[in-house]
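Biologist: Could you take me through this model before I plan my reading of it, one region at a time and with the reasoning behind each reply?

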Amino acid sequence: MNHVTRRIGDASARRPWVTIASWLAALVLVLPLAGLAGGSFVDDLVAPGSQSEEAMELLEERFPEASGGNAMAVFAAPEGERIDRHRPAIEAAVARIAEVEHVATVADPFTAGTVSPDGRIGYAQVTFDVPTMEVSPEQIDALSGVIEPVRGDGVVAELGGDTVFINAETPTSGAEAAGLLAALVILVVAFGTIVAALVPIALALVAVAAGLGGITLLAHALDVSTAAPTIGAMIGLGVGIDYALFIMARYRENRAAGQDNSTALSNAMASSGAAVLFAGGTVLVAMTALALTGLGFLTSIGLSTSLVVLFAVATAMTLLPALLALLGDRIHKGRRRSFRTRRAKNPDKPDNPENLKNVKNPENTAWWRFAHRVSGRPWPYLLAASAALVALALPALSMETGFPDAGDDATTTTHRRAYDLLAEGFGPGFNAPLLIVADLRSPGVDAEGIPELSRRLADDPGIASVGEPQISAAGDTVVLPTLPATAPADAATSDTLERIRDVVPDNVAVSGLTAMTDDLTRQLADTLPVFIAAIIVVSFLLLMLVFRSIVVPLKAAVMNLLSIGGAYGVVVAVFQWGWLGGLFNLEETLPIASPMPTIFFAVLFGLSMDYEVFLLSRVREEYDATGDPKESVARGMAVTGRVITSAALIMTVVFLSFVVNPSPLVKMMGLGLATAIVLDATIVRMVLVPAAMALLGRAAWWLPGPLDRRLPRIGTEVAAPVPSPPEPVLAPDRQ
């Protein structure tokens, strides 16, 4: 693998302007094309083969009027007033709604009787002539625009309903820019120069821009989740900076060891470049594995994130060597003042004797000393670190999952305010409507039995009301609109749904958004073990091929599971239990979004492997050179300690910047990913890895002979050896 990455890097460095021009041309092509031909983002919330899917397909085929999307324009008078005092303004808004494209019908709240018992809140039911998933954000914006004038009459006007919630675009907080600024500060501290710090930021922005353009084009061909661009940008910024950082750190180390610019760059691409290529590959495998869930919106998130990561790897493999070749020694421009005044500690000066001593004698670093301290007493450190991770993971045992609904979103969104008004005026179950669909062509209940079915449904203690039957034109399909007594994400609503499905005849199915998301949650729970096992097995095989070991992949899998479990526990404690909720601007406790554990595992397992690959690649180099298992770990930690810590800090601040995002799913992802990266870069890398490797000794690198002979060699072999430079001659004023 190192020969391939060396050739790619050398080719890019030999023709830097051609490489840069190619990337600019790609951006100029992709971004405008995405604006012209890109699709809209939509969440495909269908669990294949579920009862809710079968019911919706039946409605689309036989009763399209009942399968169309719907929204509610919600109006509320000021406290102490009745809404009929503002009837002319509301009726004018209803008339404007009827003129919006794809609106089939709109019901006046005063003639339809959709006014709350106290007369303060009412809603106009809006039905579209297209299914929920085909209602565009532009149409929702148009509805919001036509109800705006009502507010001038002193009326609260909001837009809600399932269609609005599903198709609402994931908002951004603007804090992502603060995350990039913090990353820049960390890079300046790590590299000591502004120019060197700007290079990884620039590469990450190029990768994210190209990736988001690609995601928008992907949305033209298939349904892409509204959360996909945000998650893709989050991961792309983190890995884009980190991949460039790792290669640049090795390049600068080679320069400090006396290599000329082209040789240092070529050797960095052969060693760290190969590690980046493999690390990016593990993230791609983990994210594309989301397709194993069989759920369209998760598959789209996996493909979208993989696309951004692919661009991040591509920029590190091609654009980075081109920029470094052009910059040469100018990479050291913009040095911080402290580096000028303490030139003896300057990490960029190739002829600096202090640098040469550190390259050849990593024993001078705190990382080397700490690694030896841990390996000297491995059992206490191993047990203490494992106990800490297990303690953090314990809250995850009480995890309660539920699909996010409009009531979980920030109160700054119109659909959340509409949700609250409808719950206040008509009860919490009003936001969780069910559709009871009867297929009269199949054996079971017939037309004469529908009234009895309605009575049986109404008798269930979890049902608040059952509406009048709606019959298709052919008379072969009947829909009973049904309202539960509890909110969409309430566990009692799921219990009610299960009871109803158990008692209705065979030709009756239950659908609606609440039933669909409940089916999604159940399918996610069923597929999660298979999904986790598949990722672990594939990652084990890849690590075994790269490091020529059976024990190292097993150790990596166990440690990754511990850090992921700890992150799960922190997310549960904050969001579900409410610990430190005010710190994260949580208005109330929330169940864990049911897609989160699956997405979270895929992302985290891939990212955790990044640090594992970068560290163990260097450890393997040292082991091949010395044959000493303990010393190789200490030296590997010594030469990678600072750069991995910087990379982890960057990834952490980037992920934490998403914690202020209004979306609960994005907020959970941001906190969970940041927590896992901190645990992985501290407890796992600093304690568990040296302790475990000390206990394993040479057995860590054991591979059975038959496997060794049969497996292809794709590992990150050691790059060309670094020649020992001549002892520098110091100027008289520096002797």
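What follows is a conversation about a predicted model, taken region by region.

Biologist: Let us begin with a sheet; in which order do the four strands of the open sheet lie?

Modeller: The pairing in this sheet is antiparallel, and β1 and β4 are joined in that sense over five bridges, with Ala-73 standing opposite Leu-159 in β4. On another flank, β2 and β3 pair over three bridges, and Thr-105 has Thr-127 of β3 as its bridge partner. Taken together, the order of the strands is β2-β3-β1-β4.

Biologist: Which strands of that sheet are left with one side lacking a neighbour in the sheet?

Modeller: Within the order β2-β3-β1-β4, the strands at the edges have a single partner strand each, so one side of each has no neighbour in the sheet, and these strands are β2 and β4.

Neighbouring strands are turned against each other by 20 degrees on average, direction ignored; the edge strands of this sheet remain β2 and β4.

Biologist: How many of the residues of β4 are buried?

Modeller: An edge position leaves β4 with a single partner strand in the sheet, but a helix also has to be considered, since α7 lies across β1, β2, β3 and β4 and runs at about 165 degrees to β4. The strand is mostly covered, and the number of its five residues that are buried is four.

Biologist: Turning to helix α5, which of its residues are buried?

Modeller: Helix α5 covers residues 87–98 and reaches 17 Å from its first C-alpha to its last, close to the expected 16 Å. An α-helix has 3.6 residues a turn, so residues three or four places apart point the same way. Down the axis of α5 the buried residues fall within an arc of 100 degrees, so they line one face of the helix; they are Ile-90, Ala-93, Val-94 and Ile-97.

Biologist: What do the buried residues of α5 pack against?

Modeller: The helix packs on the sheet, touching β1, β2 and β3, and its direction makes about 155 degrees with that of β2. The partners of its buried residues include helices as well as strands, and the list is β1, β2, α6, β3 and α7.

Biologist: Where is His-102 found, given that it has a positive phi although it is not a glycine?

Modeller: The phi of His-102 is about 70 degrees, and the residue is partly exposed, with a relative accessible area of 26%. Its place in the chain is the loop between α5 and β2.

Biologist: Is Arg-548, which also has a positive phi, buried or exposed?

Modeller: Arg-548 has a phi of about 55 degrees although it is not a glycine, and it lies in the loop between α21 and α22. Because its relative accessibility is 9% and the limit for burial is under 20%, Arg-548 counts as buried.

Biologist: Finally, which residue has its backbone oxygen 3.1 Å from a polar atom of the side chain of Ser-511?

Modeller: Ser-511 lies in strand β10 and, at 0% relative accessibility, counts as buried. Leaving aside neighbours within four places in sequence, its contacts are Ser-52, Ala-55, Met-56, Leu-434, Leu-435 and Met-516. Among them, the residue whose backbone oxygen lies 3.1 Å from a polar side-chain atom of Ser-511 is Ser-52.

Key: Residues numbered from 1 in each chain as written. Predicted model: local features only at pLDDT ≥ 70, side-chain atom pairs only at ≥ 80, totals over all residues. Heavy atoms only, no water. Helix = DSSP H or I, 4+ residues; strand = E, 2+ residues; numbered from the N terminus. Expected span 1.5 Å × (residues − 1). Buried < 20%, exposed > 50% of the residue type's maximum accessible area, 1.4 Å probe, protein only. Arc of directions from axis to C-beta. Contact = heavy atoms within 4.5 Å. Polar contact = N/O pair within 3.5 Å; in protein donor to acceptor, adjacent residues only side chain to side chain. Pairing = 2+ DSSP bridges. Axes fitted to C-alpha atoms, helices over the stretch in contact; angles between N-to-C directions.
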